[in-house]
Amino acid sequence: MTDIPQMEGTEPLSASHASLAFGVPTSKPGTIYALSVSGGIRLGAREERTVVFGRNRPEVHVCVGEDDLRISRNQGTVTFREGQWWLANTGHRALQLPRSMTLFPEDDPYPVDAGYTPVFVNGTARRRHLLELYVAGEDGRLPRPAPDAATLRDKPWKLRADERLALISLAQKYLLHEAYPQPCTWQQVAVDLSALRPGEQWSGKRVEHLVSGVRHRLSRAGVPGLTREEVGEPVGNMLNHNLITELLQTRTLVPPDVLLLEDL
């Protein structure tokens, strides 16, 4: 439990709270949600209100990387100023933002737009820590989608544990919100899975067979763009790209999933 004074209108979010990538309840415009694996808060917009995050649990609103000494005690803040939430880096580690943007401590604050924003902090070795931010739009929900935007399925697709882990590795650049992401190679996924599951035999061929099985299953269920006949030659990475896009759109995979790879 944090010892930092709680502002009026602050509502705690438990560590078991679902990823903010799934959306939030209807809220007043400008309301911000901030969440890590340790929990978080919901806070209404008001001039100079600030959310503090870092590893020193008693002195922050959202604890990030509590057991990782590479993360600063006060790693950053999100402050509401002149009608906008602004993310500032007050620690020593760079903050990784969507579209491969990086926020260094010496940089000006970064404007947090309405909707969902994942913020990653690289810690010790290959550990990654995630702060999820969600700002309610003008109608208190997600920003209104474009008229031709794809309709989301009601429920995520069901995946076996080995399928999910392989697909997280395959889609890790997408889950990290990198600019112009590409699927990882079969061999790279096999290397990741061999490190995570050393008692099992993983090869590029096994990964390819596993992912192809998921792709064919979803294709039979009506998802377009997952077969060679639909895409045409040259196929390249298009089949895996389309599969990953479907898994992201249906929230089958969400940014916190990439934290499963932090032990590599």
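**A buried arginine and two nonpolar cores**

Arg-55 is buried yet forms no salt bridge. The nearest side chain of opposite charge belongs to Asp-68, 7.1 Å away. That distance lies beyond the 4 Å limit for a salt bridge. The model is predicted. Arg-55 sits in the loop that runs between β4 (50–54) and β5 (62–63). A polar atom of the Arg-55 side chain lies 2.6 Å from the backbone oxygen of Ile-71. Beyond four places in sequence, Arg-55 touches Cys-63, Val-64, Gly-65, Glu-66, Asp-68, Leu-69, Ile-71, Ser-72 and Arg-73. Asp-68 and Ile-71 are thus both among the residues in contact with Arg-55.

One of these neighbours is a cysteine, Cys-63. Cys-63 has a relative accessibility of 6% and counts as buried, because the cut-off is 20%. Cys-184 is buried as well, with a relative accessible area of 10%. The whole structure contains zero disulfides.

The protein chain holds six helices and 12 strands. Of its 264 residues, 47% count as buried. Contacts between residues at least 6 apart in sequence were also examined in the protein chain. Of these contacts, 57% join residues at least 24 apart.

Strand β3 (residues 39–43) contains Ile-41. At 4% relative accessibility, Ile-41 is buried, because it falls under the 20% cut-off. Ile-41 and Val-62 are 21 residues apart along the chain. Their C-alpha atoms are separated by 7.1 Å. Val-62 is also a contact of Ile-41, as is His-61. Further contacts of Ile-41 include Thr-10, Glu-11, Pro-12 and Leu-13. Ile-32, Tyr-33, Ala-34 and Val-51 are likewise touched by Ile-41.

Helix α1 (residues 161–170) is mostly covered, with eight of its 10 residues buried. The buried residues are Asp-162, Glu-163, Leu-165, Ala-166, Leu-167, Ile-168, Ser-169 and Leu-170. Acidic residues are on this list, namely Asp-162 and Glu-163. The cover over the buried residues of α1 includes α2 (172–175), α3 (186–196), α4 (204–220) and α6 (238–249).

The largest nonpolar core has 32 residues. Within this core, Leu-167, Leu-218 and Leu-243 touch the most other members. Helices α1, α2, α3, α4 and α6 each supply at least two residues of the core. Apart from this core lies another, of 23 residues. Its members include Ala-34, Phe-53, Val-64 and Leu-131. Ala-34 is also a contact of Ile-41, and Val-64 is also a contact of Arg-55.

In the largest core, Leu-243 is in contact with Leu-167 and Leu-218. Leu-243 also contacts Val-211, Val-214, Arg-215 and Leu-226. These contacts leave aside neighbours within four places in sequence.

Helix α6 also carries Glu-246. Glu-246 is buried, with a relative accessible area of 12%. The side chain of Glu-246 makes a polar contact of 2.8 Å with the side chain of Trp-157. Two buried charged residues can thus be set side by side. Arg-55 has its polar side-chain atom 2.6 Å from a backbone oxygen, that of Ile-71. Glu-246 has a side-chain partner, Trp-157.

Key:
Residues are numbered from 1 along each chain as its sequence is written. This is a predicted model: local features need pLDDT of at least 70, side-chain atom pairs count only at pLDDT 80 or more; totals for chains, interfaces and linings use all residues. Side-chain values use heavy atoms; hydrogens and water are left out. A disulfide is a pair of cysteine sulfur atoms within 2.5 Å. Buried means under 20% relative accessible area, exposed over 50%, partly exposed in between (1.4 Å probe, protein chains only). Helices (H or I, at least four residues) and strands (E, at least two) are DSSP runs, numbered from the N terminus. Contact means heavy atoms within 4.5 Å. A nonpolar core is a set of buried Ala, Val, Leu, Ile, Met, Phe, Trp, Tyr and Cys residues joined through side-chain atoms within 4.5 Å. Lys and Arg count as positive and Asp and Glu as negative; His and the chain ends are not counted. A polar contact is a pair of N or O atoms within 3.5 Å; within protein, one must be able to donate a hydrogen and the other to accept it, and residues adjacent in sequence count only if both atoms are side-chain atoms.
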